[in-house]
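Subject: Structure for you to look at

Hello,

Here is the structure for you to open alongside this message. My notes on what was found in it follow below.

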Amino acid sequence: MESSLWYEMLNDTLCYANLWVFACIIAVVFLWQTSFRFAAHLRRLTTFTDKRQYYHRVPNQRLAWVKRHLLYAPLVRNRHNREWQLSRAVNMGTLPSRFHTLLLTTIVVMNIVLCTNTVPYGSKESTVAELIRNRTGYMATVNLFPLFVMSGRNNPLIRLLHVPFDTWNLLHRWLGRIVVLEGLAHIIAWGVPKVQTYGWSTALGTLKKPFMFNGLMCLVAMVIIFLQSPSPIRHAFYETFLHVHIVLACVAVAFLWHHVYRYSCRYYLYAAVGFWALQWLARFLILIYRNYGFGRRTAAYLEALPGDAVRVTLQLARPWTFSPGQYCYLYIPKIGWITSHPFSVAWGETGQTLLGSYDEKMAEVEAGAETSPPGLASAKVTSISLLIRRRTGFTDKLFKEAYAHGRLQLPLDHLGRSSASTLGSSMSEFPSAALKVNALVEGPYGNLHTLDSYGTVLLFAGGVGITHCMPFIRHLVQGHSDGTVAARRVTLVWIIQSPEHLDWIRPWMTTVLSMEGRRDVLRIQLFVTRPRNPREIKSPSATVQMFPGRPDVDTLIKMEVEHQVGAMGVLVCGNGGLSDDVRRACRKRQGGNELDYIEESFTW
Ligand SMILES: Cc1cc2nc3c(=O)[nH]c(=O)nc-3n(C[C@H](O)[C@H](O)[C@H](O)COP(=O)(O)OP(=O)(O)OC[C@H]3O[C@@H](n4cnc5c(N)ncnc54)[C@H](O)[C@@H]3O)c2cc1C
Ligand SMILES: *[C@@H]1O[C@H](CO)[C@@H](O)[C@H](O)[C@H]1NC(C)=O
């Protein structure tokens with residue numbers, strides 16, 4: 001009796017140990033990220049006096065080694081983001097990187113150790129089973145706390161550690177699998193001795209007792225979650241997956257609540273649920289705050305563009321602090337009901353020129369905002385624009401609605417595009433064909449890295465990935481002319497399928513290209529992979545060039561390294577294949593010049 005009390009206390013201690021390991025990992029990542037950012041900040045400051053930035057080109061060899069072999073390394077050879085596919089329809093997901101694998105292995109090993117240590121293996125089988133049963137039950141419950149923390153888009157650790165949501169999502173998935181396995185071990189360690197001593201019918205009979213029944217139902221819900229979560233299913237029916245997942249999680253929690261209410265591990269469940277509730281509350285408050293202000297509501301203007309894209313301009317109910325790298329969740333009740341989808345904020349505009357009459361309060365805010373020119377980080381904007389590529393769900397409906405409306409309003413030219421988009425409508429006026437709908441926007445999220453400290457910036461965008469790069473370009477060109485960033489060379493490499501995709505960003509690009517001092521710093525290389533005829537490929541100027549086919553990423557980076565000023569930052573946002581190519585080239589160059597690789601993937 002005494003020893004079982006001791007074991008229960010031990011279970012509590014091991015639960016603490018579990019959370020302490022997480023806390024230590026968080027502390028280490030925090031220190032690492034903070035020192036990294038601090039170093040970048042110092043670098044940025046010194047470049048204001050040291051224009052040639054020779055010093056910053058020289059890498060720290062040890063750090064370069066770590067980046068090459070751990071941080072930027074895919075698990076095996078070069079593959080990381082390109083999806084593993086059985087066939088075109090079945091997507092097996094991506095492989096975690098080496099560093100992520102290390103992290104996941106740590107968590108798995110920790111859980112195995114915590115579930116099996118101090119078990120007296122020499123003693124009676126039933127005692128061993130009972131211990132393992134109790135231990136795995138405790139561990140599954142305590143793990144729910146980090147599991148739920150990692151699940152949310154408002155997880156405060158994202159900001160604190162500058163670790164993006166997709167990484168948390170990866171950890172969430174693996175920790176979830178661990179919890180389900182612990183749950184299964186729990187019921188097996190309960191069931192085997194029961195069946196051995198009393199036989200099947202009695203053992204199954206015990207399951208009718210409320211305590212057992214609740215535990216069983218919780219596990220059933222968890223196993224269904226486990227079965228519906230593999231990448232092919234998740235990606236094929238993302239919205240359905242998400243909602244079923246949330247409902248099942250609620251069911252599991254409700255049954256577990258009644259299963260553990262007598263045990264000390266219940267507090268971890270309460271903490272998990274409390275944290276979850278807070279995240280939902282935060283989401284709700286952000287939605288209200290962002291979309292209902294000064295008696296106004298957020299409105300969205302949808303314009304269908306050639307090449308299966310929609311430009312969404314959101315007239316915000318409240319000014320928004322715009323900075324590069326942001327994304328937001330878009331809700332359009334008319335089209336997507338209560339579902340929300342993440343999109344990068346491609347452009348922000350202070351509102352003087354926008355349509356619709358602003359009431360006085362808005363005008364005041366704008367007057368305040370005028371002091372900070374658009375393009376500068378942390379400028380308040382009153383409208384933001386998204387560019388959305390048509391896929392098969394919400395985005396498909398969005399495109400169809402916008403297209404049908406545009407068609408009604410305006411005659412189409414021979415390519416089937418409405419004149420609104422070909423006229424290169426400036427941001428200051430919406431073409432009359434834009435469809436106005438009510439929308440809700442939730443954000444800003446993202447915005448976790450800055451490129452301000454790099455003397456050389458190389459941006460790779462594949463297709464609609466340009467949305468993530470656009471604000472950086474504008475910010476760096478503006479910063480260069482104001483003398484607030486380190487950038488001396490900014491190169492955009494944009495890969496598109498056909499020249500009509502240029503229309504997606506034409507008005508914004510026109511603005512950027514006419515910015516002061518742009519020619520000194522920004523060069524653009526467009527690669528058109530499927531030109532209809534060679535005459536379409538013409539380079540407008542020396543700083544804006546167009547090529548047919550795919551870029552040779554390695555050569556491009558090599559050329560940039562040869563002319564490198566200061567440290568170099570390489571940002572890539574595109575499909576998995578492009579990211580993997582850029583990643584490989586960047587790893588290869590580690591140790592030569594200082595070079596950082598940053599990736600945004602648009603999927604989780
Ligand atoms: C941070 C981030 C920024 C993004 N920025 C842009 C952008 O600027 N422009 C753009 O065109 N696309 C962007 N995307 C991708 C965009 O979110 C998806 O293409 C869109 O949600 C697909 O909706 P759908 O219903 O048409 O998807 P479907 O055709 O049903 O599915 C296509 C894929 O989209 C993903 N997806 C679907 N719904 C969601 C959801 N609610 N949340 C997360 N992923 C989902 C799934 O992985 C799915 O495999 C971004 C994604 C992320 C994560
Ligand atoms: C396992 O948990 C049960 C139920 O609380 C308890 O009675 C038993 O003493 C525990 N056994 C051990 C070895 O911890």
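One pairing makes a convenient place to start: Y329 has E442 of strand 10 as its bridge partner. Please keep in mind throughout that this is a predicted model.

Strand 5 and its neighbours

The pairing of Y329 with E442 belongs to a longer contact, in which strand 5 and strand 10 (residues 440-446) run antiparallel and are joined by five bridges. Strand 5 is also joined to strand 6, again antiparallel, by four bridges. There, Y327 stands opposite S344 of strand 6.

How many of the residues of strand 5 are buried? Six of the six, residues 326-331, are buried, so strand 5 is largely enclosed by the rest of the structure. In a regular strand the side chains alternate between the two faces of the sheet. In strand 5 both faces are covered: Q326, C328 and L330 are buried on one side, and Y327, Y329 and Y331 are buried on the other.

Strand 10 has a feature of its own. P444 is part of that strand, and the peptide bond that joins G443 and P444 is cis, with omega about -5°. Most residues other than glycine have a negative phi, and most peptide bonds are trans.

Ligand 1

Strand 6 leads on to ligand 1. The shell around ligand 1 holds 23 residues, of which H341, P342, R389, T392 and T395 come nearest. By class, ten of the shell residues are nonpolar, nine are polar and four are charged.

The polar contacts include these:

- The side chain of E239 has an N or O atom 2.9 Å from a nitrogen atom of ligand 1.
- S344 places a polar backbone atom 3.0 Å from a nitrogen atom of ligand 1.
- R389 has a backbone N or O atom 2.7 Å from an oxygen atom of ligand 1.

On its own ligand 1 exposes 880 Å², and the protein buries 91% of that. Two or more residues of the shell come from each of helix 10 (238-260), strand 6 (341-344), strand 8 (379-389) and helix 14 (394-409). Strand 6 gives the most, with four residues. S344 therefore appears twice in this account: opposite Y327 of strand 5, and in contact with ligand 1 through its backbone.

Where does ligand 1 lie with respect to domain 1 and domain 2? Domain 1 (2-46 + 96-282) and domain 2 (294-446) both give residues to the shell, so ligand 1 lies between them.

Ligand 2

The residues around ligand 2 are S4, Y7, E8, E130, L131, R133, N134 and Y263. Two of them make polar contacts through their side chains: a polar side-chain atom of E130 is 2.7 Å from a nitrogen atom of ligand 2, and a side-chain N or O atom of N134 is 2.4 Å from an oxygen atom of ligand 2. Taken alone, ligand 2 has 360 Å² of accessible area, and the protein covers 75% of it.

Strand 11

Six of the seven residues of strand 11 (residues 456-462) are buried, so strand 11 is largely enclosed by the rest of the structure. Strand 11 pairs with strand 12 (residues 489-496) in the parallel sense, over seven bridges. Within strand 12, W494 is the residue opposite A461.

Two backbone angles to look at

H162 is not a glycine, yet its phi is positive, near 55°. H162 sits in the loop between helix 5 (156-161) and helix 6 (165-198).

F602 is not a glycine either, and its phi is also positive, at about 65°. F602 belongs to the segment after strand 16 (595-600). Is F602 buried, exposed or partly exposed? Its relative accessible area is 39%, and partly exposed means between 20% and 50%, so F602 is partly exposed. The C-alpha atoms of F602 and D166 are separated by 9.0 Å, although the two residues are 436 apart along the chain.

Regards

How values were computed. Residues numbered from 1 in each chain as written. Chains lettered and ligands numbered in written order. Predicted model: local features only at pLDDT ≥ 70, side-chain atom pairs only at ≥ 80, totals over all residues. Heavy atoms only, no water. Near = heavy atom within 4 Å. Polar contact = N/O pair within 3.5 Å; in protein donor to acceptor, adjacent residues only side chain to side chain. Areas by Shrake-Rupley, 256 points an atom, 1.4 Å probe, with all protein chains shown as cover. Nonpolar A, V, L, I, M, F, W, Y, C, P; charged D, E, K, R; others polar. Domains from an automatic or database assignment. Buried < 20%, exposed > 50% of the residue type's maximum accessible area, 1.4 Å probe, protein only. Pairing = 2+ DSSP bridges.
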